[in-house]
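Student: Got a minute to go through this model with me? I'd like to get a feel for the fold before I head back to the bench.

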Amino acid sequence: LAPDSAEAQDYFGRIKGPNGGEITALAINSDDIIYVGFWGGGMRRSDDDGASWNDITSGLGNLYVSSIAFNSDNHVFAGTFGGGVYVSPDTGGTWSAVNNGLTNLNVKVVAVNDSGHVYAGTYGSGVFRSEDNGATWVNISNGIKYLDIEDITFARNGNLLVGTYGGGMYRSSDYGASWKK
């Protein structure tokens, strides 16, 4: 189907999206709340499957949102380019910077595993892990040769997978203590 055809629009269920510019992050939490992050435009939230959007940028100290993730308590984590990681305990009503130990604030991706560990992938400094909802961070990149991190995900068996820019993928079976390419 051609992207501009009526059939394609009907197939993909076109909705009125949020205004804000270039969308750089999109995530849905366990309560089906949709979050959208923008490059230079902050964040929006929809509580009604995209029918309407609320600006949740107030208190977010950096508007260049690159990634969105949630923990089991539905705290929202926003990775930003230049501002590090922000967390909201109330669906985006309030935000706090959580960057203690995060030595590079150019965060491309944030991810949370089933154990509640929060991971931040940066441009140039590799991967950081927090075991306390972002209050403190530790660099766990020892063994990763390419430190421009593009993505972080988790396998069903708990392995941590990291995709790099130009250096392939790395895997850790011990929360980032060691890595295999």
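Tutor: Sure, let's start with the whole chain and then go through some strands and side chains. Keep in mind that this is a predicted model.

Student: OK, how many helices and strands are in the protein chain?

Tutor: The chain has 1 helix and 15 strands.

Student: And what share of the residues is buried?

Tutor: Of the 181 residues, 46% are buried. The accessible surface is about 9300 Å², and carbon and sulfur atoms account for 47% of that.

Student: What about contacts between residues far apart in sequence, what do they add up to?

Tutor: Among contacts with a separation of 6 or more, 35% are between residues 24 or more positions apart.

Student: Let's zoom in. Is strand 6 mostly covered or mostly open?

Tutor: Covered. Strand 6 spans residues 76-80, and 5 of its 5 residues are buried.

Student: Which way do the residues of strand 6 point?

Tutor: Val76, Ala78 and Thr80 point one way, Phe77 and Gly79 point the other way, and all of them are buried. That fits the general rule that side chains in a regular strand alternate between the two faces of the sheet.

Student: Which strands are joined to strand 6 by bridges?

Tutor: Strand 5 is joined to strand 6 by 5 bridges, and the two run antiparallel. Strand 7, residues 84-88, is also antiparallel to strand 6, again with 5 bridges. For landmarks, Ser67 has Gly79 of strand 6 as its bridge partner, and Phe77 is matched with Val87 in strand 7.

Student: And the turns in those hairpins, which residues take a positive phi?

Tutor: In the hairpin of strands 5 and 6, with 5 residues between the strands, Asn74 has a positive phi near 65 degrees. In the hairpin of strands 6 and 7, with 3 residues between the strands, Gly82 has a positive phi near 105 degrees.

Student: I keep looking at Ser66. Where is Ser66 found?

Tutor: Ser66 is part of strand 5, residues 65-70.

Student: Why does Ser66 count as buried?

Tutor: Because its relative accessibility is 15%, and the cut-off for buried is under 20%.

Student: So what does the Ser66 side chain reach?

Tutor: The backbone oxygen of Val107, at 2.4 Å. Apart from its neighbours within four places in sequence, Ser66 is in contact with Thr24, Ala25, Gly79, Thr80, Phe81, Val107, Lys108 and Val109.

Student: Val107 makes me curious about the strands over there. What order do strands 9, 10, 11 and 12 take in their sheet?

Tutor: It's an open sheet of 4 strands in the order 9-10-11-12, with antiparallel pairing. Strand 9 (107-112) and strand 12 (138-139) are the edge strands, each pairing on one side only.

Student: How many bridges are there between strands 10 and 11?

Tutor: There are 4 bridges between strand 10 (residues 118-122) and strand 11 (residues 127-130), in the antiparallel sense. One pairing to look at is Ala120 with Phe128 of strand 11.

Student: Switching to charges: how many salt bridges are there?

Tutor: The count comes to 4. One of them joins the side chains of Arg44 and Asp55, at 3.9 Å from N to O. Arg44 is in strand 3 and Asp55 in strand 4 (residues 54-55), so the pair ties together parts that are 11 residues apart in sequence.

Student: Are Arg44 and Asp55 buried or exposed?

Tutor: Arg44 is buried at 13% relative accessibility, whereas Asp55 is exposed at 52%.

Student: Which other pairs meet in a salt bridge?

Tutor: They include Asp47 with Arg45, at 3.1 Å from N to O. There Asp47 is partly exposed at 47%, while Arg45 is buried at 13%. Glu131 and Arg129 also meet at 3.1 Å, N to O. Glu131 is exposed at 54% and Arg129 is buried at 16%.

Student: Last one. Which residues make the nonpolar surface patch?

Tutor: Trp39, Leu63 and Tyr64 make a patch of about 270 Å². Trp39 sits in the loop between strand 2 (34-38) and strand 3 (42-46), and this residue is partly exposed, with a relative accessible area of 38%.

Notes
Residues are numbered from 1 along each chain as its sequence is written. This is a predicted model: local features need pLDDT of at least 70, side-chain atom pairs count only at pLDDT 80 or more; totals for chains, interfaces and linings use all residues. Side-chain values use heavy atoms; hydrogens and water are left out. Buried means under 20% relative accessible area, exposed over 50%, partly exposed in between (1.4 Å probe, protein chains only). A polar contact is a pair of N or O atoms within 3.5 Å; within protein, one must be able to donate a hydrogen and the other to accept it, and residues adjacent in sequence count only if both atoms are side-chain atoms. Contact means heavy atoms within 4.5 Å. Patches are made of residues with over 30% relative accessible area and no salt bridge: like charges are joined within 9 Å, nonpolar side chains (Val, Leu, Ile, Met, Phe, Trp, Tyr) within 5 Å. Accessible areas come from the Shrake-Rupley method with a 1.4 Å probe; for residues, only the protein chains shown count as cover. Two strands pair if DSSP finds at least two bridges between them.
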